[in-house]
Amino acid sequence: MNNELPNKHLVARSFGNAAAQYDDVAVLQRQTGDELLERLSLVTLKPKRVLDLGVGTGRNLSLLAKHYPEAQLLALDIAPAMLKQARQSYQKSSGLKRWLPYAKTPHYLAGDAEHLPLADNSVDLVFANLSLQWCDPRTSFAEIQRVLRPDGLLMFTSLGPDTLRELRQAWAEVDDYPHVNMFYDMHDVGEAMMAAGLAEPVLDTDRYTLTYDSAMALMKDLKILGARNLNAGRRKGLTGKNTIKQVGDAYEQFRRDDLLPATYEVVYGHAWGGQLKQQKVDGEVRIPLNQLQGRKAV
Ligand SMILES: C[S@@+](CC[C@H](N)C(=O)[O-])C[C@H]1O[C@@H](n2cnc3c(N)ncnc32)[C@H](O)[C@@H]1O
């Protein structure tokens, strides 16, 4: 597992700049968010605290509030501008109901999924739609496991390595720089979940194809979404018109029925908070004896 992860400040800035227009183009995000909520509705849960991790513009926040009206919602994102947008859209969607005495206002938290500003064992449900692909799975799942109560649930989607494969290939025909972010595959994600101590992890993948008139239109949408190429080894500086034209020409090999496809490999996953809470002391992992009771040795 050695994907180079983008710099956090750049991720926050890129998504922050995207906040105002994000909803106009977040087609895939809506689809996978709906699918995650659908999967959630099959599980009987009465969560007290629900964390929308990488909440973005908050579209799923009001849907989670409808699912779990008694829960305290926590909306967390690395980009403060996204949180501002999420707060506004939540207020708009709850209308006058937000003034009712029992109405619970979400708490908005600026923070990093790899260093959650939350106490151990404090959350019953972590919902993360297309945000964890920006993180190192070993660190983010360890953090999720730390904050999840033992019977709490994690439900997430992430992106797999086949995502934007056409764009990656088109660029590869033009230069040798990485132009599309690298994504972890399902096996790496599963291993990271197990290593974090999450219980009964289940993963599957689904492919979605969005279509565009031109490669330019796809690249414009990615920019609006904030999902820009932030690879550490990316080519710095402006990309010339001629280079973009070459990428557009290379992308044409994928044209079918007059449209250009963009593949997304979506990883769906869930797991339960593990009983075993690890304690790191001087680089050594220690598990309290009382937590080993009733557990089989692995
Ligand atoms: C593609 S958007 C998805 C937003 C939302 N979950 C949705 O379904 O529309 C990814 C979000 O994850 C946030 N994000 C990226 N890296 C993060 C991190 N390390 N910690 C917290 N949020 C992060 C981004 O700022 C962005 O709002």
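Two strands are said to pair if DSSP finds at least two bridges between them. The exercises below apply this idea to a predicted model.

**Exercise 1.** Decide which strands pair with strand β1 (residues 49-53), and in which sense they run.

*Solution.* Begin with strand β2 (residues 72-77), which is joined to β1 by five bridges, the two strands running parallel. Within this pairing, V50 has L73 of β2 standing opposite. Turn next to strand β4 (residues 123-129), where three bridges link β4 with β1, again in the parallel sense. Here L51 of β1 stands opposite V126 of β4. Since a pair requires at least two bridges, β1 pairs with β2 through five bridges and with β4 through three.

**Exercise 2.** Is β1 mostly covered or mostly uncovered, and what unit does β1 make with helix α4 (residues 59-67) and β2?

*Solution.* For the first part, consider the five residues of β1, of which four are buried, so that the strand is mostly covered, where a buried residue has 20 or more other C-beta atoms within 10 Å of its own. For the second part, follow β1, α4 and β2, which together make a β-α-β unit that is right-handed.

**Exercise 3.** Describe how α4 is placed against helix α5 (residues 80-94).

*Solution.* First take the axes of the two helices, which come within 8 Å and cross at roughly 45 degrees. The helices α4 and α5 are therefore oblique to each other. The crossing in which α4 passes α5 is right-handed. Finally, the contact is made by R59, L61 and S62 on the α4 side, and by A86, S89, Y90, S93 and S94 on the α5 side.

Technical notes:
Residues numbered from 1 in each chain as written. Predicted model: local features only at pLDDT ≥ 70, side-chain atom pairs only at ≥ 80, totals over all residues. Buried ≥ 20, exposed ≤ 12 C-beta atoms within 10 Å, placed from the backbone. Right-handed = clockwise from strand over helix to strand, strands pointing away. Axes fitted to C-alpha atoms, helices over the stretch in contact; angles between N-to-C directions. Parallel < 35°, antiparallel > 145°, perpendicular 65-115°, else oblique. Left-handed = near helix turned anticlockwise from the far one by under 90°. Contact = placed C-beta atoms within 7 Å.
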